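Please load the model in a viewer and keep the sequence panel open beside it. The tour below proceeds from the whole chain to selected sites, with a selection to make at each stop.

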Amino acid sequence: MRVLQDAWRYLVDPASWTGDGGMLELLGQQLLLTFGALVLALALGLPLALWLGHLGRGGFLAVNVSNIGRAIPTFALLALLVTADPWGWTGGHFPGTATLGPFGRGGAATLVALALFALPPIITNAYTAVREVPEEVRAAARGMGMSGTQVFRQAEWPLALPLVASGVRLALVQVWATATIAALVAGPGLGRVITDGFFRTQYGKGIAGAIVVALVALLLELAAAWVQRAVTPPAAPGVRTGEDEVSPAAPTVDP
């Protein structure tokens with residue numbers, strides 16, 4: 001109970017939020033890190049998953065390769081990246097502990113580790129979303145003389161969008177919560193409050209940081225859920241609009 005009281009005092013103290021290293025600054029850093037990693041994961045995984053879903057081939061390999069990320073702890077991957085020698089063509093920024101602009105120390109390594117963590121739900125949901133579009137919809141579109149690109153843009157993509165958004169939603173919340181590990185390599189974010197609090201036995205401070213992370217995760221979840229509902233058609237027969245990530249075993253892959 002004493003720890004919770006200390007956490008409350010830390011949270012209501014204006015000095016905890018302002019100045020260099022204040023929680024407002026750290027909150028902004030973690031949001032930047034989270035959305036940076038999410039954008040990187042979307043750029044890497046979403047086009048590939050949508051393309052394979054449209055073709056109906058290669059999905060088994062793509063989904064299962066992406067799911068390797070589930071078996072590799074993100075912190076272990078980050079530790080390997082920050083201790084590796086940087087590659088010359090990256091200007092010394094990756095891998096290793098070099099500072100990358102606003103992403104802080106080990107910024108490139110942290111972004112890559114978090115982006116790989118975000119790939120499985122994005123790839124799995126996007127591939128499955130396109131494959132689950134009813135075949136009669138595709139046949140009708142082709143019967144109207146649409147090209148393959150037009151079939152995707154005008155038939156498959158609108159129906160697949162809700163499930164794609166579900167994968168992005170899940171990835172967003174997961175990456176936000178996991179981004180606190182950046183503090184373990186002296187990177188930015190609210191993880192610094194948590195690690196500093198427990199390192200100095202100021203447990204109230206550490207708990208306060210964890211509470212803020214949890215509250216922001218809830219807000220991100222609510223905002224992402226609203227966006228998902230906004231892109232979900234009021235009546236989309238045959239399309240899956242589930243709230244959760246699709247099981248890796250779900251895709252039906254044509255040989």
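Of the 255 residues of the protein, 44% count as buried, where buried means under 20% relative accessible area, exposed means over 50%, and partly exposed lies in between (1.4 Å probe, protein chains only). This is a predicted model, in which local features need pLDDT of at least 70 and side-chain atom pairs count only at pLDDT 80 or more, while totals for chains, interfaces and linings use all residues. Residues are numbered from 1 along each chain as its sequence is written, and side-chain values use heavy atoms, with hydrogens and water left out.

**The whole chain**

Begin with a cartoon view. The secondary structure comes to 10 helices and 0 strands; these elements are DSSP runs (helices: H or I, at least four residues; strands: E, at least two), numbered from the N terminus. The C-alpha trace spans about 65 × 45 × 30 Å along its principal axes. Switching to a surface view displays an exposed area of about 12,800 Å², of which carbon and sulfur atoms supply 67%; accessible areas come from the Shrake-Rupley method with a 1.4 Å probe, and for residues only the protein chains shown count as cover. Among contacts (heavy atoms within 4.5 Å) with a separation of 6 or more, residues 24 or more positions apart account for 72%.

**Helix α5 and its two sides**

Select residues 74-83, which form α5. Its buried residues are T74, L78, L81 and V82. Because they cover an arc of only 90° around the axis, they lie on the same side of α5; the arc is that of the directions from the helix axis to the C-beta atoms. These buried residues pack against α6 and α8. On the other side of α5, L80 and T83 are exposed.

**The loop from α5 to α6**

Next, select W87, in the loop between α5 (74-83) and α6 (107-131). W87 is partly exposed, at 42% relative accessibility. Which residues does W87 contact, leaving aside its neighbours within four places in sequence? They are G92, F94 and P95. P95 is placed in the loop between α5 and α6, and a cis peptide bond with omega of about -15° joins F94 and P95. A distance label drawn from the C-alpha atom of W87 to that of A208, 121 residues away along the chain, reads 38 Å.

**A nonpolar patch**

Select L61, V65, I68 and I72, which make a nonpolar surface patch of about 370 Å². Patches are made of residues with over 30% relative accessible area and no salt bridge, like charges being joined within 9 Å and nonpolar side chains (Val, Leu, Ile, Met, Phe, Trp, Tyr) within 5 Å. Within this patch, V65 belongs to helix α3 (residues 59-66) and is partly exposed at 46% relative accessibility.

**Salt bridges**

The structure holds 8 salt bridges, each being a side-chain nitrogen of Lys or Arg within 4 Å of a carboxyl oxygen of Asp or Glu. Side chains of opposite charge can pair when their charged atoms come close.

Start with R2 and D6, whose closest N and O atoms are 3.5 Å apart. The two residues are 4 positions apart in helix α1 (residues 2-12), so about one helical turn separates them. R2 is exposed at 59%, whereas D6 is partly exposed at 25%.

Move on to R169 and E221, a salt bridge with its closest N and O atoms 2.3 Å apart. This pair links distant parts of the chain, R169 being in helix α8 (residues 148-178) and E221 in helix α10 (residues 203-231), 52 residues apart. R169 is buried at 9% relative accessibility, and E221 is partly exposed at 25%.

Keep R169 displayed and add Q228, which also lies in helix α10. Is Q228 buried or exposed? At 2% relative accessibility, Q228 is buried. Its side chain makes a polar contact with the side chain of R169 at 2.9 Å; such a contact is a pair of N or O atoms within 3.5 Å, where within protein one must be able to donate a hydrogen and the other to accept it, and residues adjacent in sequence count only if both atoms are side-chain atoms.

Two further selections complete this stop: D196 with R200, which meet in a salt bridge of 2.6 Å, N to O, and E135, R138, R142 and E156, which are linked in a network of salt bridges.

**Backbone stops**

Most residues other than glycine have a negative phi, and most peptide bonds are trans. Select A186, in the loop between α8 and α9 (191-199), where phi is positive, near 65°. A186 is partly exposed at 48%. Finish at T201, in the loop between α9 and α10, with a positive phi near 55°. T201 is exposed at 52% relative accessibility.
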